[in-house]
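Trainee: I'd like to learn how to read side-chain contacts in a model like this one. Could you walk me through some cases?

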Amino acid sequence: MSMFKRFVEPGRLALITYGPCAGKLCTVTDIVDQKRVVVDGPEDITGVRRHMMPIKRLSLTDFRFVAKRGIREKVLRKGLEKSGNLNKFWESSWGKKLKTQEARKNMTDFERFKVMCAKQKRSKEVKKSLKKK
Amino acid sequence: MVKGKFSIDPSLEAKMHQYQIVGRAAPTNKNPTPKIYRMRIFARNVVLAKSRFWYFMKRLNKAKKSGGELLSVNELHDTSPTKVKNYGIWLRYDSRTNTHNMYKEYRNVNINGAVGQLYQEMAGRHRADPGSIQIIHATTVPDDKCRRDHVLEMHGDRLKFPVVRKIPHAVKKLRTTFKAKRASTFVR
């Protein structure tokens, strides 16, 4: 049973976790050396321009599509579309967690108020059902 | 999908720059039209580049900055800044006792980055100051001409490797002194 499932390889989808692009998805397009890769989420899709980045700043995901080293933008785009990796990521539990974190961060005061009311309602129901027992 | 304006992290940019400097010595009675020389200089900025130009001119061509003329100073940029290349750099450096020639190879995306790596490595491995390093030649090397193992092992179509030990690297805002859970260095 292989221990590692996620590899640094061309076509691998990764999440950037540090720097000005933190929180954005990108695809590894080429490997420079043991510590750095060239990364591209085509800029208009994920907002990441093609550039070199240390692997330290990436979190690899489960998703990849078969790609050659130094994959060009056109082929990269086609690969992403055909594999649907971006959508697959956002529908995975990791992606969903990120989305809820973002939603919470961008809540307005009114939304926070609504959440507070909903939580109160829920706890009232819980207490009521416990009291019945 | 968070989208915004892309900005490259300044800490990821190469600190060295490549300049093309063209200049000549002062015209004298003996030599009214001195030869014009062009050099490719790697330096952190234009000021250092010009200084280095005259350093070489004095040693090689008997041309001093006093009276000498700089005809042009241009920064040279890489034609393919996102394509990974192998860089071979021939250099000459002064150690504490002697002076040596060296050939080093680096993998990088632009030559500025490779030369930056060179200076860092020379400082780390050989305690060589940048002032005692002279870059004789720096160029891209095709895959089959590379000689160094650490560069050769990055060649090949089917190269892939797992992240064996990942040191957690959090955004500065999320860093805290204390954490509830121990960090895990395992990446699936």
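Mentor: Let's start with a salt bridge, meaning a side-chain nitrogen of Lys or Arg within 4 Å of a carboxyl oxygen of Asp or Glu. Arg50(A) makes one with Asp40(A), with the closest N and O atoms 3.3 Å apart. Arg50(A) sits in strand β5 (residues 48-54) of chain A and Asp40(A) in strand β4 (residues 36-41) of chain A, so the pair ties together parts that are 10 residues apart in sequence. Helices (H or I, at least four residues) and strands (E, at least two) are DSSP runs, numbered from the N terminus.

Trainee: Before going on, what sort of model is this, and how are residues and chains labelled?

Mentor: It's a predicted model, where local features need pLDDT of at least 70 and side-chain atom pairs count only at pLDDT 80 or more, while totals for chains, interfaces and linings use all residues. Residues are numbered from 1 along each chain as its sequence is written, chains are lettered from A and ligands numbered from 1 in the order in which they are written, and side-chain values use heavy atoms, with hydrogens and water left out.

Trainee: Back to that bridge: is Arg50(A) buried or exposed?

Mentor: Buried means under 20% relative accessible area, exposed means over 50%, and partly exposed is in between (1.4 Å probe, protein chains only). Arg50(A) comes out buried at 18%, and Asp40(A) is buried too, at 2%.

Trainee: How many salt bridges does the whole structure hold?

Mentor: The general idea is that side chains of opposite charge can pair when their charged atoms come close. A search over all chains turns up 16 salt bridges. One of them joins Arg12(A) to Glu9(A), with 2.7 Å between the closest N and O atoms, and both of these residues are buried. Glu9(A) and Arg12(A) also belong to a salt-bridge network with Arg64(A).

Trainee: What separates Glu73(A) and Arg77(A) along their helix?

Mentor: About one helical turn, because they are 4 residues apart in helix α2 (residues 73-83) of chain A. Their side chains meet in a salt bridge at 2.3 Å, N to O. Glu73(A) is partly exposed at 36% relative accessibility, and so is Arg77(A), at 26%.

Trainee: Now for rings. How do I read an aromatic pair?

Mentor: A pair of aromatic rings is described by the distance of the centres and the angle of the planes. Rings of Phe, Tyr and Trp (its six-membered ring) pair if their centres lie within 6.5 Å; planes under 30 degrees apart count as stacked, over 60 as edge-to-face and the rest as tilted. This structure has 6 such pairs over all chains. Phe4(A) and Phe186(B) have ring centres 6.0 Å apart and planes at 35 degrees, so that pair is tilted. Phe4(A) lies in the segment before β1 (7-8) of chain A and Phe186(B) in the segment after β7 (161-162) of chain B, so the pair joins two chains. Phe4(A) is buried at 18% relative accessible area, whereas Phe186(B) is partly exposed at 43%.

Trainee: And which geometry do Tyr55(B) and Phe56(B) show?

Mentor: Theirs is edge-to-face, with 5.1 Å centre to centre and 75 degrees between the planes. Tyr55(B) is partly exposed, at 25% relative accessible area, while Phe56(B) is buried at 10%. Over in chain A, ring pairs link Phe89(A), Trp90(A) and Trp94(A) into a cluster.

Trainee: Which residue lies over the face of Tyr55(B)?

Mentor: That's Arg52(B), at 4.2 Å from the ring centre. A charge sits over a ring if NZ of Lys or CZ of Arg is within 6 Å of the ring centre and within 35 degrees of the ring normal. Across the chains, Lys160(B) lies over the face of Phe7(A), at 4.3 Å from the ring centre.

Trainee: What about the backbone: where does Lys62(B) sit?

Mentor: In the loop between α1 (46-61) and β3 (69-76) of chain B. Its phi is near 55 degrees, a positive value in a residue other than glycine, and Lys62(B) is exposed at 79% relative accessibility. Arg127(B) also has phi near 55 degrees; look for that residue in the loop between α2 (111-126) and β6 (133-141) of chain B. Arg127(B) is exposed at 58% relative accessibility.
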